[in-house]
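Subject: The structure we talked about

Hi,

Here is the structure I promised to send over. Have a look at it first, and then read on for what turned up.

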Amino acid sequence: MTPIDEHWNQLRELITRSARSTGHWTLSCVDPDGMPTITPVGTVFVRDTPGAYYFDQYTSALARNLDADPRICMMAVNSGSLFWLRALLRSRFPTPPGIRLYGTAGPRREATPDELARVRARVRPMRLLPGARLLWSDFTHVRDLTFTHFRLVRYPMMMPSGWPADDDPTTSAG
């Protein structure tokens, strides 16, 4: 079992809490010229195993890049004001302030009825707003994300105890 498998429940909670503070995750890849590309994606759904899926609706450049090179890095950062204020007052983070997940994206595929139900439930509170109908009424396709390793966002002097070490020994903290 790899460290990401072993600690997935703890990491999944960190991912979910971080994304709640911003409303999105960032998904990065490289374009055909090798230039990094970062895309905010608000329709990521984390799975019970090291992976997720997202609705691939308005991400045409990201989709083209992933079709050519499926390697990805997804980042979630807790940017909540209260989270940071408490950490600064206590000189300690209650949880790491963010995480980077590395892996691959699968090909674009039709969303299942369960996946469609989950995205509809997420956007339901805003469904009556005109912009919401424009943005979130025609979801049809998703991409699966498989995560193989991770790096926590670290500020060494304020890190909480009890969190797993990064499972990519080739990367430094930070």
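So, in which sense do strand S5 and S6 pair, and over how many bridges? They run antiparallel, with 7 bridges between S5 (residues 71-77) and S6. Before you go further, please keep in mind that this is a predicted model.

On its other pairing, S6 is joined to strand S8 (residues 141-153), again in the antiparallel sense, this time over 8 bridges. A good residue to click on is Arg100: Met75 has Arg100 as its bridge partner in S6, and Arg100 in turn has Arg151 as its partner in S8. Strand S6 itself covers residues 98-105, and 7 of its 8 residues are buried, so the rest of the structure largely encloses it.

Next, the pocket. The largest one holds about 500 Å³ of space. It is lined by 24 residues, and those closest to its centre are Gly23, Trp25, Gly42, Thr43 and Arg122. Which elements give two or more residues to that lining? They are helices H2 (8-22), H5 (113-123) and H6 (130-136), together with strands S2 (36-41) and S3 (44-46). H2 is the top contributor, with 4 residues. In terms of chemistry, the lining splits into 14 nonpolar, 6 polar and 4 charged residues.

Now for the aromatics, where the count is 10 pairs. Take Phe45 and Tyr53: their ring centres are 5.3 Å apart and the planes meet at 15 degrees, which is under the 30 degrees cut-off, so this pair counts as stacked. Both of these residues are buried. They also belong to one aromatic cluster with Phe55 and Phe139.

Trp84 and Phe93 make an edge-to-face pair, with 5.2 Å from centre to centre and 85 degrees between the planes. Are these two buried or exposed? Phe93 has 2% relative accessibility and so counts as buried, whereas Trp84, at 25%, counts as partly exposed. The cut-off for buried is under 20%.

One last thing to look at is Arg122, which I mentioned with the pocket as one of the residues closest to its centre. Arg122 also lies over the face of Phe45, 3.8 Å from the ring centre. That is the Phe45 of the stacked pair with Tyr53, so you can follow the pocket and the aromatic cluster from there.

Cheers

Notes: Residues numbered from 1 in each chain as written. Predicted model: local features only at pLDDT ≥ 70, side-chain atom pairs only at ≥ 80, totals over all residues. Heavy atoms only, no water. Buried < 20%, exposed > 50% of the residue type's maximum accessible area, 1.4 Å probe, protein only. Pairing = 2+ DSSP bridges. 1 Å grid on protein atoms, 1.4 Å probe; cavity = no way out; pocket = protein on both sides within 12 Å on 5 of 7 lines; lining within 4 Å. Points joined across faces, edges and corners; volume = space filled by probe spheres on them. Nonpolar A, V, L, I, M, F, W, Y, C, P; charged D, E, K, R; others polar. Phe/Tyr/Trp six-rings, centres within 6.5 Å; stacked < 30°, edge-to-face > 60°. Lys NZ or Arg CZ within 6 Å of the ring centre and 35° of its normal.
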